[in-house]
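Here are my notes after going through the model you sent. I've kept them as numbered points so you can reply to each in turn.

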Amino acid sequence: MTLPAEPPPAPAPETGSPGPVGSAERSLLPDVLRGLALLGILIINVQDFAGFREWTQTGIDRVVQVFTDIFLNGRSISLFAMLFGWGAAGLLARHGTVTLARRLAVLLVLGTAHFVFVWHGDIISMYALLAVALLFTARLTARTLVLLAGLLGGWWLLSGLLAGLAAVGSPAGRPVFFPNFALGTGYPDLVAWRTANFVEDQLGSTVYNGPWLIALFCLGAAAQRTGLLTRPGEHRPLLRRLAVWGLAVGLPLGLLLAWLNTQGTRPAFLFSIPVRMGGGLATALGYVGVLGLLASRNRLGSLRAFAASGRVAMSNYIAQSLFMTTFFYPYGGGQFGRWGAAPAVGLALLVGLAQLPLSAWVLRRFGSGPLERLTRLLVYGRPARREPGET
């Protein structure tokens with residue numbers, strides 16, 4: 001992939017005076033991408049919330065499972081991680097290492113609270129820990145960041161493929177997710193269990209996922225360096241290549257992932273990890289290319305509705321966990337293990353789409369989401385400034 005030459009510093013949020021970025025300074029494309037990624041993450045996470053196993057689905061449930069594997073599984077989280085790196089790089093360029101470090105510390109606290117009190121699948125705390133690596137990238141060029149991403153990501157994918165090859169012929173089945181609430185404990189005991197296991201869980205996840213996620217953060221930072229998302233009209237040739245090659249590589253790997261996820265063997269499980277994430281990255285880049293081209297021609301149309309959700313992504317992400325765990329877990333609705341892929345994904349789609357008008361209302365009424373407002377207050381010492389026309 002040939003990157004464009006780096007132009008002078010782009011308009012905010014890449015550069016600018018200290019302070020939170022207001023809505024008048026924001027580019028539409030990153031928020032739309034983030035909103036779409038957030039919906040996709042919810043649709044994939046509902047498998048964990050609802051407790052169905054992908055390789056046991058039949059009928060319409062299998063059809064839905066295959067669809068999500070091809071178009072969303074690994075795709076949404078890759079896009080979300082790259083956007084996290086893009087935002088962190090913009091904050092680093094705009095305010096420097098101290099402010100970025102302070103923001104990461106705040107995110108670590110919020111993510112820890114999310115893990116302990118709401119859901120064991122939190123990604124905020126892990127992102128905050130791993131994004132510390134970006135503090136050392138301020139002087140790296142876009143090309144260097146892409147090279148670094150290629151080295152880290154390639155090594156991680158190769159390690160996953162070797163692990164799958166080593167397991168070929170193994171009679172063992174897939175590891176079965178055993179939720180900690182299945183121990184029969186109530187909510188207070190569950191919180192105590194998560195508290196006791198938080199450090200171990202985070203260390204294991206951070207070490208295992210670190211090279212891959214840092215690679216995605218670096219790709220996002222490279223996009224920030226070149227203004228790819230804020231000035232897509234200047235990068236149409238690159239966006240076309242991303243669209244064509246990203247989808248050409250990613251969608252066939254999505255089909256392979258869907259097949260692997262119908263197999264109940266351990267080798268299939270191990271192979272599915274690099275296939276999921278490698279194909280997910282390719283498809284996510286394809287999505288960036290397609291939406292970037294649409295944005296460059298001002299043709300995003302109804303996809304603009306996702307921008308509001310993208311602007312309050314953290315509040316929406318936590319709200320999704322609160323709703324889903326309350327609905328499915330035993331201390332709430334007790335529906336865990338009773339739903340297949342089709343109804344669970346349908347519920348996730350309903351919740352995610354309902355967040356679009358709600359997010360728009362929150363932005364009109366308050367100017368930002370509650371957790372975004374809290375984060376900015378803790379990082380900058382004041383909430384985000386209101387823009388003209390906001391009430």
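1. Let me start on the surface. L158, L162, L165 and V168 make up a nonpolar patch there, and together they offer about 390 Å² of accessible area. One of its members, L162, sits in helix α6, which covers residues 142-166. L162 is classed as partly exposed because its relative accessibility is 48%. Bear in mind that this is a predicted model.

2. Now the overall fold. The chain has 13 helices and zero strands, so if you read along the sequence the pattern is simply α-α-α-α-α-α-α-α-α-α-α-α-α. Of its 391 residues, 51% are buried. Counting the contacts with a separation of 6 or more, 85% come from residues 24 or more positions apart. The accessible surface of the whole chain is about 16900 Å², and carbon and sulfur atoms hold 68% of that.

3. Have a look at helix α13 (residues 370-380) next. E372, T375, R376 and V379 are its buried residues. Those four are on the same side of α13, because the arc they cover around the axis is only 95°. Their cover includes α4 (97-117), α10 (306-311) and α11 (313-328). After α13 comes G381, with a positive phi near 85°.

4. On to the rings, where the count is 16 aromatic pairs. Take F115 and F198: the ring centres are 5.2 Å apart and the planes are at 65°, so this pair is edge-to-face. Since F115 belongs to helix α4 and F198 to helix α7 (residues 187-226), the pair ties together parts that are 83 residues apart in sequence. Both ends are out of the way of the probe by the usual label: F115 counts as buried at 3% relative accessibility, and F198 counts as buried at 13%.

5. A second pair worth checking is F327 with W339. Their ring centres lie 5.3 Å apart with the planes at 90°, so they are edge-to-face. F327 is in helix α11 and W339 in the loop between α11 and α12 (341-366), so this link joins parts twelve residues apart in sequence. F327 is partly exposed at 26% relative accessibility, and W339 is partly exposed too, at 23%. Separately, ring pairs connect Y187, Y329, Y331 and F336 into a cluster.

6. Which charged side chains meet in salt bridges? There are three such bridges in the structure. In one of them R34 meets D31, with 2.9 Å from N to O. These two are three residues apart in helix α1 (residues 28-50), so about one helical turn separates them. R34 is buried, with a relative accessible area of 14%, and D31 is buried at 3%.

7. Another salt bridge joins R174 to E54, with 3.5 Å between the closest N and O atoms. R174 is in the loop between α6 and α7, while E54 is in the loop between α1 and α2 (59-71), so the bridge ties together parts 120 residues apart in sequence. R174 and E54 are both buried.

8. Finally, the side chains of E234 and R231 form a salt bridge at 3.1 Å, N to O. R231 counts as buried, with 14% relative accessibility.

Methods: Residues numbered from 1 in each chain as written. Predicted model: local features only at pLDDT ≥ 70, side-chain atom pairs only at ≥ 80, totals over all residues. Heavy atoms only, no water. Patch = residues over 30% accessible without salt bridge, like charges linked within 9 Å, V, L, I, M, F, W, Y side chains within 5 Å. Areas by Shrake-Rupley, 256 points an atom, 1.4 Å probe, with all protein chains shown as cover. Salt bridge = Lys/Arg side-chain N within 4 Å of Asp/Glu carboxyl O. Buried < 20%, exposed > 50% of the residue type's maximum accessible area, 1.4 Å probe, protein only. Contact = heavy atoms within 4.5 Å. Arc of directions from axis to C-beta. Phe/Tyr/Trp six-rings, centres within 6.5 Å; stacked < 30°, edge-to-face > 60°.
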